[in-house]
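User: I would like to learn how to read the features of a model like this one. Could we go through them one at a time?

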Amino acid sequence: MKTVKIGLLGLGNIGTGTYKTLEMNRDEIESSLGVKLEIVKILERDTERDRGITVPMEKFTSDPDSIFTDPDIDIVIELLGGIEPATSFMLKAMENGKHVVTANKAAIAANYQALMDTAAANGVLLRFEASVGGGIPILTSLTGPLKANKFEEVMGILNGTTNYILTMMTQEGLDYETALRDAQAQGFAEADPTADVEGIDAANKLSILMALMFDKYVAPGDIPTIGITKVTKDEIEKARQDNCRIKLIAHAKKLDNGDVEYAVKPMYIDENHPLAGINREFNAVFVKGNAVDELMFYGKGAGPLPTGSAVMGDVMDIVRTALK
């Protein structure tokens, strides 16, 4: 049986989840593909941390070029996070003929066109399902089964941290600061939650969704963005009295004249709207197309295993499409 060899950039939480997903479902994955998958090299400085997995020491490398220039490696998985050096690493991998899979919404959103152009110029595939919605298969659905639609609108709860905080404010009557501390204690918020609570993370994801749905790239920094730090208990209660819920919504809509309006901000959502019932750390994406009408995708938008599931799904797609 043929072996497809993989280089992995980063063995943090998502890298570990990806490694675990392959190991615990290896039989099913390889039987489905008819090939073996092997992660042969891992770029990682911390080789001693207990991750709950067994990784042979000889797989670790501190030299990214040893992955990019290895002629036996077919696919590079980038899970370092951040814009740089992740973007440069993905570009170099593709320039060396490697297919690339990433979960990195910041890098994809910031450098969408350069990454897509480099993949096309080098005849390789770039997949980034895990960059939006973690384990929710939203991007694959938009570019596959739903591609026959003219998309009209997308509304998304795209950040679990902010959704958890707003849920606690709504259901438990907490103020913002108390709800944030609770989210941090539960592991749903980082020590520095700025990217989440200020809407930056959601703007990155909306940028990617618009590029795929409307063929319109808007840099995340150009998306009007308001976070949740100023949401008060009084506003939460006012929404409740109006039979609404406050949610941080990433929203884009195609207008009759062909323009697209877009923003990330806290919005009043009618309690009967499907998004109103999305609570805690869960994510959901509400899509409207001219043929399919309204659809909603719901699930865990983050976490090592849900995200690792999406990463490995992209790897499997590349194998089926280009490497069998």
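**Reading pockets, strands and single residues**

Analyst: We can begin with a pocket and the elements around it. In this predicted model, the second largest pocket has a lining to which helix H6 (112-121), strand S6 (126-127), helix H7 (138-143) and H13 each contribute at least two residues.

User: Which element gives the most to the lining of the second largest pocket?

Analyst: That is H13, with five residues. The lining of this second largest pocket comprises 21 residues, and those nearest its centre are Leu126, Arg127, Thr140, Thr143 and Asp314.

User: How much space lies in the second largest pocket, and what classes of residue line it?

Analyst: The space in the second largest pocket is about 480 Å³. Its lining holds 12 nonpolar, five polar and four charged residues.

User: How does one read the largest pocket?

Analyst: The steps are the same ones: volume, lining, elements, classes. The largest pocket holds about 1,200 Å³ of space. Its lining has 45 residues, with Ile14, Lys105, Glu190, Ala302 and Gly303 nearest the centre.

User: Which helices supply at least two residues each to the lining of the largest pocket?

Analyst: They are helix H1 (13-24), helix H5 (105-110), H8, helix H10 (194-197), helix H11 (200-214) and helix H13 (304-323). The greatest contribution to this lining comes from H11, with four residues. By class, the lining of the largest pocket splits into 16 nonpolar, 19 polar and 10 charged residues.

User: Now a single residue. Where does Asn159 lie?

Analyst: For a single residue, take the element, then the exposure, then the contacts. Asn159 sits in the loop between strand S7 (151-157) and helix H8 (160-171).

User: Is Asn159 buried or exposed?

Analyst: Its relative accessible area is 3%, and the cut-off for buried is under 20%, so Asn159 counts as buried.

User: What does Asn159 touch, leaving out residues up to four places away in sequence?

Analyst: With those left out, Asn159 touches Asp196, Asp201 and Asn283. With Asp196 there is also a polar contact between the side chains, at 2.7 Å.

User: How should strand pairing be read?

Analyst: Look at the partners, the direction and the number of bridges. S7 and S10 run antiparallel and are joined by six bridges. Within this pairing, Met155 stands opposite Phe286 of S10.

User: With which strand does S10 pair over eight bridges?

Analyst: S10 pairs with strand S11 (residues 293-300), in the antiparallel sense. One bridge there sets Phe282 against Lys300 in S11. The connection between S10 and S11 is a hairpin of three residues.

User: How many of the eight residues of S10 are buried?

Analyst: Six are, and strand S10 (residues 282-289) is therefore mostly covered, with under 20% relative accessible area as the cut-off for buried.

User: What about contacts between residues far apart in sequence?

Analyst: Compare the separation along the chain with the distance in space. Ile39 and Leu8 are 31 residues apart in sequence, while their C-alpha atoms are 6.8 Å apart. Ile39 belongs to strand S2 (residues 36-43) and is buried, at 2% relative accessible area. Leaving out residues up to four places away in sequence, Ile39 touches Ile6, Leu8, Tyr19, Leu22 and Lys59.

User: Last, how does one read the backbone angles?

Analyst: Start from the usual case: most residues other than glycine have a negative phi, and most peptide bonds are trans. Then list the departures from it.

User: Which peptide bond is cis?

Analyst: The bond from Glu84 to Pro85 is cis, and its omega is near 5°. Pro85 falls in the loop between strand S4 (73-78) and helix H4 (86-95).

User: What is the phi of Asp215, and where does Asp215 lie?

Analyst: Asp215 is not a glycine, yet its phi is positive, near 50°. Its place is the loop between H11 and helix H12 (233-241). Asp215 counts as exposed because its relative accessibility is 72%, where the cut-off is over 50%.

User: How exposed is Asn243, and what is its phi?

Analyst: Asn243 is partly exposed, with a relative accessible area of 40%. Its phi is also positive, at about 60°, although Asn243 is not a glycine. This residue lies in the loop between H12 and strand S8 (244-254).

Conventions:
Residues are numbered from 1 along each chain as its sequence is written. This is a predicted model: local features need pLDDT of at least 70, side-chain atom pairs count only at pLDDT 80 or more; totals for chains, interfaces and linings use all residues. Side-chain values use heavy atoms; hydrogens and water are left out. Buried means under 20% relative accessible area, exposed over 50%, partly exposed in between (1.4 Å probe, protein chains only). A polar contact is a pair of N or O atoms within 3.5 Å; within protein, one must be able to donate a hydrogen and the other to accept it, and residues adjacent in sequence count only if both atoms are side-chain atoms. Contact means heavy atoms within 4.5 Å. On a 1 Å grid over the protein atoms alone, a cavity is a set of points where a 1.4 Å probe fits but cannot get out, and a pocket is an open set with protein on both sides within 12 Å along at least five of seven lines; lining residues have an atom within 4 Å of a point. Grid points are joined across faces, edges and corners, and a volume is the space filled by probe spheres set on the points. Ala, Val, Leu, Ile, Met, Phe, Trp, Tyr, Cys and Pro count as nonpolar, Asp, Glu, Lys and Arg as charged, and the others, Gly among them, as polar. Two strands pair if DSSP finds at least two bridges between them.
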